[in-house]
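Visitor: Could you show me how to read the empty spaces and the strands in a protein model? I would like the general idea, then the case at hand.

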Amino acid sequence: MSHRNEATAALKALSVATDACRECPLGARATQSVFGEGPVDAVLMVVGEQPGDKEDLVGRPFVGPAGKLFDRAVAELGWSREKLYVTNAVKHFKYELRGKRRIHKTPGQREAEACHHWLESEMELVQPRAYIALGATAARSLLGRPVAVMKERGQWIEDAATGRRVLVTLHPSALLRGDPAQREAAWEAWLKDLSVASSLMKKAGAKQPAAKQRAPRSAAGHARRRVRMVME
């Protein structure tokens, strides 16, 4: 089996396994898990915080109001979402009920840590050249430390321990919650942050180097072991 097929199969198995995950309380309350989606050879992996209400019901990442804003940004930058791998640091929706409405709650550090091995498996299998962290939860999951998003936004940060290149910016939901009078300025600043990764996206259609195409068999095997641990 080719690396592409093997990694794709491993990601599908992980997606199924996250539904059975009860390593934190969120899985028991959510409709379903929401795993990442995108090509296994994506140049860029975009990591958000967690699924929202719409994502929880549909089972896909970034399809709610914040996702629509993200899609608008992708279109304005001339990128293609089909060439991005899009996922979340936490795979289940955390919320509180207010009447019949399910209101988003920020996942705690313990919940993000319990979910982190799923994200690690995605990173091992996709092996993107770089990452975009949308918000503080995603940034902490990728860089392994608290991140002051407003201070560190719009620049590449390289993690010394892992070698990961991470571009930190706001989660699109922050723009939706912001002051309407400042929304246009916030949008332009956010686009400017994201545009730092445009040079990578221009290369997304180019043939990847041989090192990218070789199968990290240990990663796929590691992912399968994680699936078995959860399903047993």
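**Spaces and strands**

Guide: Gladly! Let us begin inside this predicted model: the second largest cavity has a volume of about 50 Å³.

Visitor: How does one find such a space, and how many cavities of 30 Å³ or more does the count come to?

Guide: Rolling a probe the size of a water molecule over the atoms shows where empty space is left. Here the count comes to two cavities of 30 Å³ or more.

Visitor: Which residues line the second largest cavity?

Guide: Its lining consists of Cys21, Glu23, Cys24, Gly27, His92, Glu111, Ala114 and Cys115. Helix H5 (residues 109-126) gives the largest share, three residues. Sorted by class, four lining residues are nonpolar, two are polar and two are charged.

Visitor: Now the pockets, please. What space lies in the largest pocket?

Guide: The largest pocket holds about 720 Å³ of space. It is lined by 32 residues, and the closest to its centre are Ala66, His104, His171, Ser173 and Arg177. Several elements give two or more residues to this lining, among them helix H4 (65-77), strand E4 (101-104) and helix H8 (172-177). By class, the lining of the largest pocket divides into 14 nonpolar, eleven polar and seven charged residues.

Visitor: And the second largest pocket: which residues lie nearest its centre?

Guide: Those are Gln109, Ala112, Thr137, Arg140 and Ser141, out of 18 lining residues. The elements that give two or more residues to this lining are H5 and H6, with H6 providing the largest share, six residues. The volume of the second largest pocket is about 280 Å³. Its lining has seven nonpolar, seven polar and four charged residues.

Visitor: Let us turn to strands. How should I read the two sides of one?

Guide: In a regular strand the side chains alternate between the two faces of the sheet. Take strand E2 (residues 84-88): Leu84, Val86 and Asn88 are on one side, with Tyr85 and Thr87 on the other.

Visitor: Are the residues of E2 on these faces buried or exposed?

Guide: Both faces of E2 are covered, and five of its five residues are buried. Buried here means under 20% relative accessible area.

Visitor: In which sense do strand E1 (residues 44-48) and E2 pair, parallel or antiparallel?

Guide: E1 and E2 pair in the parallel sense, over five bridges. To find the pairing on your screen, look for leucine 44, which stands opposite leucine 84 in E2.

Technical notes. Residues numbered from 1 in each chain as written. Predicted model: local features only at pLDDT ≥ 70, side-chain atom pairs only at ≥ 80, totals over all residues. Heavy atoms only, no water. 1 Å grid on protein atoms, 1.4 Å probe; cavity = no way out; pocket = protein on both sides within 12 Å on 5 of 7 lines; lining within 4 Å. Points joined across faces, edges and corners; volume = space filled by probe spheres on them. Helix = DSSP H or I, 4+ residues; strand = E, 2+ residues; numbered from the N terminus. Nonpolar A, V, L, I, M, F, W, Y, C, P; charged D, E, K, R; others polar. Buried < 20%, exposed > 50% of the residue type's maximum accessible area, 1.4 Å probe, protein only. Pairing = 2+ DSSP bridges.
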